[in-house]
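Let's take a friendly walk through a protein model, one part at a time. Keep the sequence and the 3D view open while you read.

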Amino acid sequence: MKAPSGNASLMKPCCILNRRTPDLQNKPPMSTVYLNGKFIPIEDALIPVTDRGFLFGDGVYEVIPAYGGRLFRLSHHLQRLQNSLDGIRLDNPHSDAEWKTILGTLLERNHGLAGTHNDQSVYLQVTRGSAAKRDHSFPEHVIPTVFATSNSITDPDPAVTEQGVAAITLDDIRWQYCDIKAVTLLPNVLLRQQAVEQNAAEAILIRNGLVIEGSSSNVFVIENGNILTPAKGPQMLPGITRDLVLELAEQHRLPCRETGISEDRLREADEIWITSSTREIIPVTLLDGQAVGQGSPGPLWKTIIEFYRAYKESVRNGTTE
Ligand SMILES: Cc1ncc(COP(=O)(O)O)c(C=O)c1O
């Protein structure tokens, strides 16, 4: 067999085109990605198979929504990126101003692919680059791999939010540094897959009898009119949406508190919400097959989602970040 050469040792993060039958007229426009200083078509974005993100999951990432081309809570996301990089002892390859320029340019380049509202979600990833030899310990000279892409997003489906979603509880099988937004997501992948196989939208994770978070979301529990969520710590990802929900609740004088929540309290809750940048605030109306509260989105969810939507609008029209 012929030995692979040149490009064969490079990974493509997208599908492989059948180059023999190019259908140029019907080809969808190609999205632009940022890779190590260049804005290029996704088809041309190649990284070496020796990248430590590929071999070890040695890297971190962020997901940042942008409404009307404006990045949502960018400074919060960049602070969390810095914390994640510090957590894995990798220097930040860019200043905040540089990140802002890179991500802003990416959004502009993909504007044509986004809907009329120009709402997009940015994914960015920084890995510890490549080394000639596969070795667990850090390479001596690190040139990080910096990758970012953006995709069109739409508002959460009203049919879903009006009905709420199902969730299941599962044991939290993850490691002890869940506050680092690491690309090493295999436990989260396996947990989410279990939820999907049980027709649920999310797995709510329990550790030592306490609610921690979802497989890719934070969790809120409503009890007698009080909005409760677990306090931050290394056991969970400090969600940007979670923090905003707490801020909005405080601003509008809704009683809210960060506190330990037992699995029993979760099951007795009047309302349960899951939050994330892409899913926003979703009511959970079925937990392990049992109705949550009345089995439909509760009154506090209806209140908080209005404040959240107003905040989103203020980002879109540029009056806030
Ligand atoms: C494990 C985990 N927790 C919480 C969140 C929510 O974070 P954010 O609101 O910043 O999207 C995410 C988002 O992907 C996540 O993966």
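## Starting with one residue

In which helix is Q251 found? Look in α6, because that is the helix that holds Q251. Please keep in mind that this is a predicted model.

Is Q251 buried or exposed? Q251 has 10 other C-beta atoms within 10 Å, and a residue with 12 or fewer counts as exposed, so Q251 is exposed. You can also compare its place in the sequence with its place in space: Q251 and L287 are 36 residues apart in sequence, and their C-alpha atoms are 30 Å apart.

## Helix α6

Now for the helix as a whole. Helix α6 covers residues 240–251, which makes twelve residues. At 1.5 Å a residue it should span 16 Å, and the C-alpha atoms at its ends are indeed 16 Å apart, so the two values agree.

While Q251 is exposed, other residues of α6 are buried: I240, T241, R242, L244, V245, L248 and A249.

## Around the ligand

The ligand has 13 residues around it, and those that come nearest are L237, G239, I240, T241 and S277. Two elements, α6 and β15 (271–276), give two or more residues to this shell. The most come from α6, which gives three residues.

What classes of residue make up the shell around the ligand? Sorted by class, it has three nonpolar, eight polar and two charged residues.

## The nonpolar cores

Helix α6 turns up again inside the protein. The largest nonpolar core has 42 residues, and those with the most contacts inside it are A167, A203, F220, V221, I272, W273 and I304. The largest share of this core, five residues, comes from α6.

V221 is a good residue to click on. Leaving out residues up to four places away in sequence, V221 touches V211, L228, I261, R265, L266, A269 and I272. Apart from the largest core lies another one, of 23 residues, including Y34, F72, L124 and A148.

## Two arginines with a positive phi

Next, look at the backbone angle phi. Just after α6 comes R253, with a positive phi near 55°. R253 is found in the loop between α6 and β14 (256–258). R73 also has a positive phi, of about 55°, although it is not a glycine. Its place is the loop between β6 (70–71) and α2.

Which of these surroundings is buried and which is exposed? R73 has 20 other C-beta atoms within 10 Å, and 20 or more is the mark of a buried residue, so R73 is buried. R253 has 7 other C-beta atoms within 10 Å, and it is exposed.

## How the two domains meet

Finally, step back to view the whole chain. The protein chain is divided into domain 1 (7–152) and domain 2 (158–316). Taken over C-alpha atoms, the centres of the two domains are 27 Å apart.

Where they meet, 22 residues of domain 1 are in contact with 15 residues of domain 2. On the side of domain 1 that touches domain 2, the elements giving two or more residues are β5 (59–67), α2 (74–87) and β7 (120–127). The most come from β5, which gives eight residues. By class, this side of domain 1 has eight nonpolar, ten polar and four charged residues.

Definitions and conventions
Residues numbered from 1 in each chain as written. Predicted model: local features only at pLDDT ≥ 70, side-chain atom pairs only at ≥ 80, totals over all residues. Domains from an automatic or database assignment. Contact = placed C-beta atoms within 7 Å. Helix = DSSP H or I, 4+ residues; strand = E, 2+ residues; numbered from the N terminus. Nonpolar A, V, L, I, M, F, W, Y, C, P; charged D, E, K, R; others polar. Expected span 1.5 Å × (residues − 1). Near = placed C-beta within 6 Å. Core = buried A, V, L, I, M, F, W, Y, C linked by C-beta atoms within 7 Å.
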